[in-house]
Each structure stands twice: as C-alpha cells, then as structure tokens.
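Here is a short briefing to read alongside the sequence and the 3D view. Keep both open, and pick out the residues as they come up.

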Amino acid sequence: MPIPAEIRTSFVEANNLVLQSFSESGIQAGSQVTPDQLGEAIEQFLYVFDKLDNEHGEVGPLPYDDVSQLGDHAIGFIMDLAYWAERLRLPKSKMDLEKTALAVAHWVIRHDGELRTLEPLVNSLAASANLTQDVSTLTAMCEVIGDVIEHAAPAIKSDLEKNDPARPWRILNFNYAIVATRTQNKALMEKAFDTLGRNLPEDCPEFFEQGLQQAQKEVYGAEVRELMQDHFKRWATRH
C-alpha cells in the first residue's frame with residue numbers, strides 16, 4: 001500500500017509547524033540545512049515514491065532506481081527535520097516526522113531494499129509502543145519491528161559499535177523482545193527471543209535476568225514466566 005494519507009497529513013502539519021516556529025525563533029542556521037529546504041526535499045521524495053509505485057507497482061524490486069539509497073536519503077532528511085523540531089521544542093511534530101520516516105522505511109521494505117538509518121525508526125516504534133496496551137496493536141508492531149530488523153543493512157547487522165549501549169540496533173532488538181513479551185503470545189516471544197539471541201548474544205544473560213524479574217508481575221501469565229525462565233537458564237549457563 002502507498003504511504004497512508006494520515007501519515008502525509010501529519011507530515012504536512014508537522015512540517016508547517018516547524019517552518020513557522022523556525023521563522024519566529026530568530027535562530028541562525030549557519031551551515032546547517034534549513035527546515036524549509038528539508039521540508040521541500042522530503043516532499044519531493046514522497047512524490048517520487050508515489051510515481052515509482054504507480055509506474056512499477058507497490059511491491060517488488062524497481063528496475064533501475066536504487067531503492068535503498070532513495071529511502072536512506074529521505075529518512076536522513078526527515079531525521080534532520082525532526083532534529084529541528086526537537087530544537088524548537090515541538091515534541092509532537094518530532095514524533096509525527098519520525099512516523100513519516102517509518103512509512104518511508106515500509107516503502108523501502110516493500111521494494112526489497114535495505115535500511116541504512118535506524119534512529120528515527122527506533123524512536124517512532126518506541127514512542128508508539130509506549131502509548132498502547134492493546135494486544136492487537138502490539139502484535140502488529142512486532143511484525144513491523146521484525147521487518148525493520150530483517151531489512152537492516154549488513155553494515156548495521158554487523159554491529160561494530162558494541163561499545164555504545166544506546167546504538168539503535170541494540171535498542172531495536174531489545175524493543176522487539178519487550179513488545180513481544182507484552183503481547184504474551186508464546187510464538188511471537190520465541191521468535192523475538194531467538195532474534196535477540198542471534199543478534200545480541202552478549203546482552204542476553206542480563207536481559208533475561210531482568211525479564212524474569214519483570215515476569216513475576218501479576219499482569220503476566222504463567223506461560224510467560226516459564227518461557228522467560230527457560231531462556232534465562234539457557235543463557236545463564238552459557239556465560
């Protein structure tokens with residue numbers, strides 16, 4: 001499906017608010033790209049994405065355009081505009097822009113591309129997860145997070161910056177396991193836990209130790225506690 005109309009509407013509103021606030025702020029951009037330049041570039045990318053979908057279909061590889069590069073440029077511009085939103089103290093606009101980045105990521109995934117920038121995607125997914133308790137919504141989010149992990153670029157998957165605990169790749173994998181646990185769906189939990197073990201094995205002992213403590217809360221059922229216990233034992237004995 002194309003980028004949803006509600007995402008486009010929220011982007012336009014966020015972009016306009018950032019432009020207005022920047023104009024009223026008196027901030028000197030210096031060598032930085034200004035919000036108006038960023039907003040115009042993003043609008044052009046969204047137009048190109050629609051055009052390519054109309055010409056070549058909404059799924060599958062494109063015959064000549066570098067989907068991954070197109071998506072990465074667009075996500076990079078959106079991330080820069082979200083930075084301006086944060087600087088101008090517009091938290092909702094920042095969230096709406098990061099949702100736009102996630103929609104662009106979905107476009108890249110639909111066309112068999114790879115994701116080279118994760119930060120705004122991770123921010124958007126985390127913010128959305130924190131705003132809901134609905135199991136069906138959390139279940140859908142698990143699918144989205146799994147897709148983002150699967151389509152992350154090899155350079156990201158190689159995880160060379162292990163000294164940075166706040167790196168987006170690490171947070172993304174943690175959030176996958178956490179959101180899956182909140183669904184209390186055993187199949188989703190096992191898939192997310194296996195993914196965590198494959199991508200971040202060095203973090204698993206501490207993660208499952210903390211997860212086991214959280215699973216003692218009344219909100220979680222016995223099956224969740226048992227599964228968390230099994231994984232804790234498995235990783236505790238490996239280290």
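What follows covers salt bridges, a charged surface patch, the cysteines and one pair of C-alpha atoms.

Please bear in mind that this is a predicted model. A search of the whole structure finds 11 salt bridges, while the number of disulfides is 0. On the surface, five acidic residues, E190, D194, E223, E226 and D230, gather in a patch of negative charge.

**Salt bridges**

- D53 and R110 are a good pair to start with: their side chains meet in a salt bridge, with N to O at 3.4 Å.
- This pair links distant parts of the chain, since D53 sits in helix 2 (residues 35-56) and R110 in helix 4 (residues 91-110), 57 residues apart.
- Both partners are covered: D53 is buried at 5% relative accessibility, and R110 is buried with a relative accessible area of 9%.
- Helix 4 also holds K92 and D96, which are 4 residues apart, about one turn of the helix. Their side chains meet in a salt bridge of 2.8 Å, N to O.
- Are K92 and D96 buried or exposed? K92 counts as exposed because its relative accessibility is 56%, whereas D96, at 8%, counts as buried.
- E114 and R116 form another salt bridge, and their closest N and O atoms are 3.0 Å apart.
- Here the two partners fall into the partly exposed class: E114 has a relative accessible area of 26%, and R116 has one of 36%.
- Beyond these pairs, D159, K162, R167 and E202 are linked in a network of salt bridges.

**The negative patch**

- Which elements give two or more residues to the negative patch? They are helix 9 (186-199) and helix 11 (222-236).
- Helix 11 supplies the largest share of the patch, with 3 residues.
- One of the patch members, E190, has its place in helix 9.
- E190 counts as partly exposed, because its relative accessibility is 33%. That value also fits the patch cut-off, which asks for over 30% relative accessible area.

**Cysteines**

- Why is C142 not in a disulfide? The closest cysteine sulfur, in C204, is 16 Å from the sulfur of C142, so the two are too far apart for a bond.
- For comparison, a disulfide needs the two cysteine sulfur atoms within 2.5 Å.
- Seen from the other side, C204 is in no disulfide either, with the sulfur of C142 as its nearest cysteine sulfur, 16 Å away.
- Both residues are hidden from the surface probe: C142 is buried with a relative accessible area of 2%, and C204 counts as buried at 0%.

**T100 and L131**

- T100 is another residue to find in helix 4.
- T100 is buried, because its relative accessible area is 1%, and the cut-off for buried is under 20%.
- How far apart are the C-alpha atoms of T100 and L131? They are separated by 17 Å, and the two residues lie 31 residues apart along the chain.

**To take away**

- Helix 4 is a handy landmark in the view: it contains K92 and D96, T100 and R110.
- Helix 9 and helix 11 are the places to look for the negative patch.
- For the cysteines, the count to remember is 0 disulfides.

Conventions:
Residues are numbered from 1 along each chain as its sequence is written. This is a predicted model: local features need pLDDT of at least 70, side-chain atom pairs count only at pLDDT 80 or more; totals for chains, interfaces and linings use all residues. Side-chain values use heavy atoms; hydrogens and water are left out. Patches are made of residues with over 30% relative accessible area and no salt bridge: like charges are joined within 9 Å, nonpolar side chains (Val, Leu, Ile, Met, Phe, Trp, Tyr) within 5 Å. Accessible areas come from the Shrake-Rupley method with a 1.4 Å probe; for residues, only the protein chains shown count as cover. A salt bridge is a side-chain nitrogen of Lys or Arg within 4 Å of a carboxyl oxygen of Asp or Glu. Lys and Arg count as positive and Asp and Glu as negative; His and the chain ends are not counted. The place of a charge is taken as NZ of Lys, CZ of Arg, CG of Asp or CD of Glu. Buried means under 20% relative accessible area, exposed over 50%, partly exposed in between (1.4 Å probe, protein chains only).
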